[in-house]
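Good morning, colleagues. I should like to take you through one structure this morning, beginning with single residues and ending with the whole chain.

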Amino acid sequence: MDLSTLITTNNTNYISLKGIKGNQFGHEVVTVQCKAADVIKFLEIDREVQRELDEVKVASIGQYIQYGLDGNDIYFAPLIFSARNRGFFNESRHEFNIPMGETMPILDGQHRIKAFESIINRMKSMGDIGEQYEEVTDFPITVQIFLNLTQKQERQLFTDINTKSSLVNSSLIVMYDQDDMYAQLIQEIVSELSEDIIETRSKFTSTKIMTASTFYKVSRIL
């Protein structure tokens, strides 16, 4: 199924994205899924809202994307954009349409989409337009588009996303990770032990021998 299509209305070309319209805390938001290559087409980075790009982080995410291209499962949270009165939602067709050449500022996810852009550009420059190129350009990405935010609200949303979220503790990550050999080893050992020995869900412990995170670190050292 096509995630996005190109339509022409009144001699104007639009990127048309199938999606649904909803409401979050009084703000209209459209949720769509589209190809990475199409997100790049309407991507805008407004330095009045966004932080400076961290090239090291982009490279790290790029390695993760390559890991997915090599046949492994990878996951990305939705990207968040602000429409700023660009584009429109067709209620009857359940489509968000944005004219070709117009852009929308991204509020969350600039490093993720820049990593996709970096890989696509590198493949193009090398003439590597094969199966993996199609996979990365067609990679499905969920996008949330807020329709009626002021710039002040955009900044507040960016701030909330980057300060209010709580990081998952390292022990829980060790117990969930299916791609790390050492993590899988810890999971197997813990499954054979009593629940009173290793703490698997909390960052600290005062009643058990050690946390899964500490066990993981010791295993790697050994």
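Phenylalanine 89 counts as buried, because its relative accessibility is 13% and buried means under 20%. Please bear in mind throughout that this is a predicted model. Phenylalanine 89 belongs to strand E6. Which residues does phenylalanine 89 touch, if we set aside those up to four places away in sequence? They are Gly19, Ile20, Lys21, Val30, His94, Glu95 and Phe96. Leucine 147 is 58 residues from phenylalanine 89 in sequence, and the two C-alpha atoms are 9.2 Å apart in space.

One of those partners, His94, deserves a word of its own. Histidine 94 sits in the loop between E6 and strand E7, which covers residues 95–99. Its relative accessible area is 46%, so histidine 94 is partly exposed. Its backbone is also of interest: histidine 94 is not a glycine, and yet it has a positive phi of about 55°. As a general matter, most residues other than glycine have a negative phi.

Arginine 84 also has a positive phi, of about 50°, and it too is not a glycine. Where is arginine 84 found? It is in the loop between strand E5, residues 79–82, and strand E6, residues 88–90. With a relative accessibility of 22%, arginine 84 is classed as partly exposed, because the buried class ends at 20% and the exposed class begins over 50%.

Let us turn to valine 32, which is placed in strand E3, residues 27–35. Is valine 32 buried or exposed? It is buried, because its relative accessibility is 3%. Neighbours within four places in sequence aside, valine 32 is in contact with Leu17, Lys18, Gly19, Phe96, Ile141, Thr142, Val143 and Ile145. Gly19 and Phe96 appear here, and they also appear among the residues touched by phenylalanine 89.

Valine 32 leads us to glutamine 144. The two are 112 residues apart in sequence, while their C-alpha atoms are 6.5 Å apart in space. Glutamine 144 lies in strand E9, which runs over residues 140–146. A relative accessible area of 16% is the reason why glutamine 144 is counted as buried. Beyond residues up to four places away in sequence, glutamine 144 touches Gln24, Val29, Val30, Thr31, Pro78, Leu79, Ile80 and Phe81. Val30 is on this list, and phenylalanine 89 touches Val30 as well.

Further along the chain, isoleucine 209 lies in the loop between strand E10, residues 198–199, and strand E11, residues 210–211. Why is isoleucine 209 called exposed? Its relative accessible area is 64%, and exposed means over 50%. Isoleucine 209 and glutamate 199 are ten residues apart in sequence, with 7.8 Å between their C-alpha atoms.

Glutamate 188 is part of helix H7, residues 181–192. Because its relative accessibility is 53%, glutamate 188 counts as exposed. Its C-alpha atom is separated by 37 Å from that of aspartate 54, a residue 134 places away along the chain.

I come now to a pocket. What is the volume of the second largest pocket? It is about 240 Å³. This pocket is lined by 15 residues, and those closest to its centre are Lys57, Ile61, Gly109, His111 and Arg112. Two or more lining residues come from each of helix H2 (55–69), strand E8 (104–108), helix H3 (110–126) and helix H5 (151–163). H3 provides the largest share of the lining, with three residues.

Finally, the chain as a whole. Its secondary structure consists of eight helices and eleven strands. The C-alpha atoms fill a box of roughly 70 × 45 × 35 Å along the principal axes. There are 222 residues in the chain, and 40% of them are buried. Of the contacts between residues at least 6 apart in sequence, 68% join residues at least 24 apart. The accessible surface is about 13,300 Å², and carbon and sulfur atoms account for 51% of it. As for charge, the chain carries 22 positive and 31 negative charges, and the mean positions of these two sets are 7 Å apart.

Thank you for your attention.

Conventions
Residues are numbered from 1 along each chain as its sequence is written. This is a predicted model: local features need pLDDT of at least 70, side-chain atom pairs count only at pLDDT 80 or more; totals for chains, interfaces and linings use all residues. Side-chain values use heavy atoms; hydrogens and water are left out. Helices (H or I, at least four residues) and strands (E, at least two) are DSSP runs, numbered from the N terminus. Buried means under 20% relative accessible area, exposed over 50%, partly exposed in between (1.4 Å probe, protein chains only). Contact means heavy atoms within 4.5 Å. Accessible areas come from the Shrake-Rupley method with a 1.4 Å probe; for residues, only the protein chains shown count as cover. Lys and Arg count as positive and Asp and Glu as negative; His and the chain ends are not counted. The place of a charge is taken as NZ of Lys, CZ of Arg, CG of Asp or CD of Glu. On a 1 Å grid over the protein atoms alone, a cavity is a set of points where a 1.4 Å probe fits but cannot get out, and a pocket is an open set with protein on both sides within 12 Å along at least five of seven lines; lining residues have an atom within 4 Å of a point. Grid points are joined across faces, edges and corners, and a volume is the space filled by probe spheres set on the points.
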